Amino acid sequence: MYYFPLQPPYFLLLVGFLTALTSGLALSGTLKVIVQKWPSDRTENIKPRSSLKQLFVPFIGITAGTCLFLSSGLEIFGFPSSLALGVGLPISLFTCLLIWLQLGSMMTFIEREGMRSLDLDSMS
C-alpha cells in the first residue's frame, strides 16, 4: 500500500526558504562590515579565521534553511519523509561545506593579495 501524507509540508517549505533568505541577508551584511573594516585594521593584522567565526552562525542558518527547503520540496513531490530527509540532508550539507571552504579560501586570498586581485575587468 502506498503512503501519501494528508498535508504536504508547504509550511515547512516556506519556513526553510525564509530561514535561508534571512540568514543570507545576515551573512551579506556581516561580510560587508568585515570587508569594510579590513583597510582600517590593516595595521592590527587581523586573521581571516577570526572573520570566519563571525560568519559561522548566519551560514549555519543558511544550511539549515536549505536542508529544510530541499527536504520539504521532495516530500511535496511524493517522497516519504525519511527518504526526503535522507536525500536532502547530505546534498545540502555537502554543498554548504564546499561553499564554506571556498569562502574561507577567497577571504584568505583577498587578505593576502588585496581586493584588486578579484577585479577581472582590469585583467583583459
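A nonpolar surface patch joins nonpolar side chains within 5 Å, taken from residues with over 30% relative accessible area and no salt bridge. The exercises below use this term and a few others on a predicted model.

**Exercise 1. Describe the overall build of the protein and the confidence of the model.**

Step 1. Count the elements: the protein has three helices and zero strands.

Step 2. Put them in order. Read from the N terminus, the elements run α-α-α.

Step 3. Check the confidence. The mean pLDDT of the protein is 85, and 82% of the residues reach 70 or more. Among the elements, H1 has the highest confidence, with a mean of 93, and H2 has the lowest, with a mean of 90. Where pLDDT is low, the predicted coordinates should not be read in detail.

Step 4. Look at burial and contacts. Of the 124 residues in the protein, 28% are buried. When contacts between residues at least 6 apart in sequence are taken, 74% of them join residues at least 24 apart.

**Exercise 2. Find which residues form the nonpolar surface patch, and which helix gives the largest share.**

Step 1. List the members: Leu14, Phe17, Leu18, Leu21, Leu25 and Phe69 make a patch of about 570 Å².

Step 2. Assign the residues to helices. H1 supplies the largest share of the patch, five residues. Phe69 lies in helix H2.

Step 3. Classify Phe69. Its relative accessible area is 37%. Partly exposed covers the range between under 20% (buried) and over 50% (exposed), so Phe69 counts as partly exposed at 37%.

Step 4. Set the patch beside the whole surface. The protein exposes about 8,900 Å², and carbon and sulfur atoms supply 70% of that area.

**Exercise 3. Name the residues of the largest nonpolar core and say which helices contribute to it.**

Step 1. List the twelve residues: Leu27, Ile34, Trp38, Leu52, Leu55, Phe59, Ile62, Cys96, Trp100, Leu103, Met107 and Ile110.

Step 2. Find the contributing elements. Two or more core residues come from each of helix H1 (10–37), helix H2 (48–76) and helix H3 (81–113).

Step 3. Pick out the largest share: H3 gives five residues.

Step 4. Follow one core member. With neighbours within four places in sequence left aside, Cys96 is in contact with Phe59 and Thr63.

**Exercise 4. Decide whether Ser23, Pro58 and Ser71 are buried or exposed, and list what each one touches.** Contacts with residues up to four places away in sequence are not counted in this exercise.

Step 1. Take Ser23, in helix H1. Its relative accessibility is 12%, so Ser23 counts as buried. The contacts of Ser23 are Pro58, Gly61 and Ile62.

Step 2. Cross to Pro58, in helix H2. Pro58 also has 12% relative accessibility and is therefore buried. Its contacts are Ser23, Ala26 and Leu27. The C-alpha atoms of Pro58 and Thr30 are 8.8 Å apart in space, while the two residues are 28 apart in sequence.

Step 3. Take Ser71, which is in helix H2. A relative accessible area of 5% makes Ser71 buried. Ser71 touches Ala84, Leu85, Gly88 and Leu89.

**Exercise 5. Which of Glu111, Phe109 and Pro8 are buried and which are partly exposed?**

Step 1. Start with Glu111, in helix H3. Its relative accessible area is 18%. The cut-off for buried is under 20%, so Glu111 is buried at 18%.

Step 2. Go on to Phe109, which is also found in helix H3. At 28% relative accessible area, Phe109 is partly exposed. Not counting residues up to four places away in sequence, Phe109 touches Gly114, Ser117 and Leu118.

Step 3. Finish with Pro8, found in the segment before H1. Pro8 has a relative accessible area of 28% and is therefore partly exposed.

**Exercise 6. How far apart in space are Glu111 and Trp38, and how far apart are Pro8 and Leu74?**

Step 1. For Glu111 and Trp38, the distance between C-alpha atoms is 8.3 Å. Along the chain, these two residues are 73 residues apart.

Step 2. For Pro8 and Leu74, the distance from C-alpha to C-alpha is 9.9 Å. In sequence, Pro8 and Leu74 are 66 residues apart.

Definitions and conventions
Residues are numbered from 1 along each chain as its sequence is written. This is a predicted model: local features need pLDDT of at least 70, side-chain atom pairs count only at pLDDT 80 or more; totals for chains, interfaces and linings use all residues. Side-chain values use heavy atoms; hydrogens and water are left out. A nonpolar core is a set of buried Ala, Val, Leu, Ile, Met, Phe, Trp, Tyr and Cys residues joined through side-chain atoms within 4.5 Å. Buried means under 20% relative accessible area, exposed over 50%, partly exposed in between (1.4 Å probe, protein chains only). Helices (H or I, at least four residues) and strands (E, at least two) are DSSP runs, numbered from the N terminus. Contact means heavy atoms within 4.5 Å. Patches are made of residues with over 30% relative accessible area and no salt bridge: like charges are joined within 9 Å, nonpolar side chains (Val, Leu, Ile, Met, Phe, Trp, Tyr) within 5 Å. Accessible areas come from the Shrake-Rupley method with a 1.4 Å probe; for residues, only the protein chains shown count as cover. A salt bridge is a side-chain nitrogen of Lys or Arg within 4 Å of a carboxyl oxygen of Asp or Glu. pLDDT is the predictor's confidence in each residue, from 0 to 100.
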